[in-house]
Protein chains: 2
Amino acid sequence: MTTLVTIGEAADLSGLTSKMIRHYESIGLLPKATRTEAGYRLYNHLQLKLMGIIKQARALGFSLQETHSLVDLWQNPNRASKEVKQLAEQHLTDIDVKINELKHMKKALQELTDHCNDDDNASCAILDGLAKG
Amino acid sequence: MTTLVTIGEAADLSGLTSKMIRHYESIGLLPKATRTEAGYRLYNHLQLKLMGIIKQARALGFSLQETHSLVDLWQNPNRASKEVKQLAEQHLTDIDVKINELKHMKKALQELTDHCNDDDNASCAILDGLAKG
DNA sequence: TGTTGACCTTACCATTGTGGTAAGCTTTAG
DNA sequence: CTAAAGCTTACCACAATGGTAAGGTCAACA
C-alpha cells in the first residue's frame, strides 16, 4: 500500500517548502514527481525519505550540489563509505575555514568597539580604525 | 594639487575591483565619479579614502547596506559615536550567531564522520545519520 | 603614421538558495 | 453552488560578485 501525498503535505512532512521541492525537482536533485490527471505532483514514501535527507544535509550546511552528491551516494548500493566520508571531511574543513574567518572578524571588530566611547561625541575609534585601514 | 586616478588604479590602490567600484557607484555607496571627456571615471584622494573604508568594512563582514551606513556616519561631522558603536555591536552579535550555527553543524557532522569507517563498504554512518533525520 | 595592446565604457547573463507575486485551474468543505 | 484552500507555471527579487561581449580610447613603438 503506497500512500501518496501532495506537495503541501510533503513540505509539512519534510520540513522543506513547496517552493524548494519544485526547485529541487527542476535542478534534478529530486526526481520528477508523478502527477495526477490535473497535474498535481504526488509523492511516495521514498521521495519523502529523500526530502528528509536533503533537509538534514542542508541543516549541516552542505550546498545543494554537495547534497546532490550525498543523495546519489545514498541511492547507490555500490557506494564506498570512503567517498561519503571524504565529502563530509571536506565540508568539515570548509566549516572550519568559515569559523576562523568569522573569529578573526570578531576579534578585529571587538578591538575597535572596545575603544569606542559610546557617547554623543563625534570621535569614534571604529570609524578611525576603518579609515586607517 | 589634486591627483586624479582612473578606475584601474583606484582598484589597485583600494583593494577593490573595478567591477565593485562601478557597482558601488550604481547603488549609491560611492558618489558618481567625475569623467574625462572620453567618459573615463576619475577619482580623487577623498574617494580613494572612501574605497579604503569600504574595503575594511567588508573585510569585517559588514554588508553593503551596513557599510553604507558606516560611510554615511564617517562623512557626517555631527555623528554620535553611540550610533556607530550600536551598528558595530549588532554586527558582532550577528557574527556570534553565525559562529554558533557553524559550531553546531561542525559538532553534528563530526559525530557522524567519527562513526564512518572510511572503507570500501557501503555501510556509512553519515548517510545513515542523514536518513534517520 | 599606423598599429598593437592595455585600458576604459555599457549591457547583459550567471551564480546560490530562497522568497514573493500573479493569473489561473482544481479540489474540498459548507 | 460557492468560497476557500491548494495546486500549477512563469515571472521578478534579493546579496555580492564574476564573466563576457562589443566597442571606444590612450599610450608606446616601429
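Okay, let's start with a bit of vocabulary: when two helices cross, the crossing is called right-handed if the near helix is turned clockwise from the far one by less than a right angle, and left-handed if the turn is anticlockwise. Keep that in mind for a minute. One more thing up front: what you're looking at is a predicted model.

So, let's use that word on chain A. Helix α3(A), residues 45–59, passes α4(A) in a right-handed crossing. Their axes come within 10 Å and cross at roughly 140 degrees. Angles over 145 degrees would count as roughly antiparallel, and α3(A) and α4(A) are therefore oblique to each other. Who's touching whom? On the α3(A) side you've got A:L50, A:I53, A:I54, A:A57 and A:R58, and they meet A:T67, A:L70, A:V71 and A:W74 of α4(A). By class, that contact has seven nonpolar residues, one polar and one charged.

Now let's zoom out to the two chains. How is chain B laid on chain A? You turn by 180 degrees, with a shift of 0.0 Å along the axis, and the RMSD is 0.1 Å. The two copies are thus related as by a two-fold rotation axis. If you want to find that axis from chain B, go to B:I99: its C-alpha is the nearest one in the chain, 2.9 Å from the axis.

Next, how the chains meet. Chain A and chain B each put 48 residues into the contact. On the chain B side, α3, α4, α5 and α6 each give two or more, and α5(B) has the largest share, with 20 residues. That side of chain B divides into 25 nonpolar, twelve polar and eleven charged residues. And 100% of chain B's interface residues are also interface residues in chain A, so the copies meet through the same surface.

Last stop, the DNA. Strand C has 19 residues around it, and the closest are A:A38, A:S63, A:L64, B:G8 and B:R41. Both chains chip in here: α2 and α4 of chain A, plus α1 and α2 of chain B, each supply at least two residues. By class, it's five nonpolar, nine polar and five charged.

And which residues come nearest to strand D? Of the 19 around it, they're A:G8, A:R41, B:A38, B:S63 and B:L64. Here the elements giving two or more residues are α1 and α2 of chain A together with α2 and α4 of chain B. The classes around strand D are five nonpolar, nine polar and five charged.

That's it from me, thanks!

Note on methods. Residues numbered from 1 in each chain as written. Chains lettered and ligands numbered in written order. Predicted model: local features only at pLDDT ≥ 70, side-chain atom pairs only at ≥ 80, totals over all residues. Near = placed C-beta within 6 Å. Helix = DSSP H or I, 4+ residues; strand = E, 2+ residues; numbered from the N terminus. Nonpolar A, V, L, I, M, F, W, Y, C, P; charged D, E, K, R; others polar. Least-squares fit on C-alpha atoms with pLDDT ≥ 70 in both. Contact = placed C-beta atoms within 7 Å. Axes fitted to C-alpha atoms, helices over the stretch in contact; angles between N-to-C directions. Parallel < 35°, antiparallel > 145°, perpendicular 65-115°, else oblique.
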